Amino acid sequence: MAEAMEITTFFLAKNVTMKGFIAANADVDAWLKLQPGFILRRITQRADGLVTDMLLWTSAKNGERAAHGIVTELAGSPVHAAVDHSTVDWSVNVCRHWVD
């Protein structure tokens, strides 16, 4: 199985800071560590405010399953209110090249 990269970009909801967004992710981070195939997560923010949330999975299937779990199993997470959902772009794609 090939690793897969999950990349989600979005802007934060009005009046939400990056510090607040990261705090709202506490339950998500703990949950991710328990998910099959989870390797790592990185979050960045561009100067214009665009957030990139990147996760590496052992397979696309694991990444897609977990992404659906975020909206079902963690439906009550404060992270959902921290995101401007009209700006979300999400995908999980198989890694085709990597350098160790």
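The following exchange walks through a predicted model, taking the sheet, an aromatic pair and two asparagines in turn.

Colleague: In which order do the 4 strands of the open sheet stand?

Modeller: The strands of this open sheet pair in an antiparallel manner, and from one strand to the next the twist averages 15 degrees. Read across the sheet, the order is β2-β3-β1-β4.

Colleague: Which strands stand at the edges of the sheet?

Modeller: A strand at the edge has a single partner strand, so one of its sides is left without a neighbour in the sheet. In the order β2-β3-β1-β4, the strands to which this applies are β2 and β4 (89–94).

Colleague: How many bridges join β1 to β4, and what is the angle between the direction of helix α3 and that of β4?

Modeller: The strands β1 and β4 run antiparallel and are joined by 6 bridges, and Ile7 stands opposite Ser91 of β4. Helix α3, residues 60–72, packs on the sheet and touches β1, β3 and β4. The direction of helix α3 makes with that of β4 an angle of about 155 degrees.

Colleague: What kind of aromatic pair do Phe38 and Trp57 form?

Modeller: The model has 2 aromatic pairs by the rule applied, and one of them joins Phe38 and Trp57 at 5.5 Å centre to centre, with 70 degrees between the planes. Because planes over 60 degrees apart fall in that class, the pair of Phe38 and Trp57 is edge-to-face.

Colleague: Why does the pair of Phe38 and Trp57 tie together parts that are apart in sequence, and is Trp57 buried or exposed?

Modeller: Phe38 belongs to strand β2 (residues 38–45) and Trp57 to strand β3 (residues 51–57), so the pair links parts that are 19 residues apart in sequence. Phe38 has a relative accessible area of 24% and is therefore partly exposed. For Trp57 the relative accessible area is 0%, which means that this residue is buried.

Colleague: Is Asn25 buried or exposed?

Modeller: Asn25 is found in the loop between α1 and α2 (26–32), and, leaving aside residues up to four places away in sequence, it touches Arg41 and Val79. Its relative accessibility is 1%, so Asn25 counts as buried.

Colleague: What value is phi of Asn15 near?

Modeller: Asn15 is found in the loop between β1 (4–10) and α1 (18–24), and at 73% relative accessibility it counts as exposed. Most residues other than glycine have a negative phi. Asn15, in contrast, has a positive value, with phi near 70 degrees.

Definitions and conventions:
Residues numbered from 1 in each chain as written. Predicted model: local features only at pLDDT ≥ 70, side-chain atom pairs only at ≥ 80, totals over all residues. Heavy atoms only, no water. Helix = DSSP H or I, 4+ residues; strand = E, 2+ residues; numbered from the N terminus. Buried < 20%, exposed > 50% of the residue type's maximum accessible area, 1.4 Å probe, protein only. Contact = heavy atoms within 4.5 Å. Phe/Tyr/Trp six-rings, centres within 6.5 Å; stacked < 30°, edge-to-face > 60°. Pairing = 2+ DSSP bridges. Axes fitted to C-alpha atoms, helices over the stretch in contact; angles between N-to-C directions.
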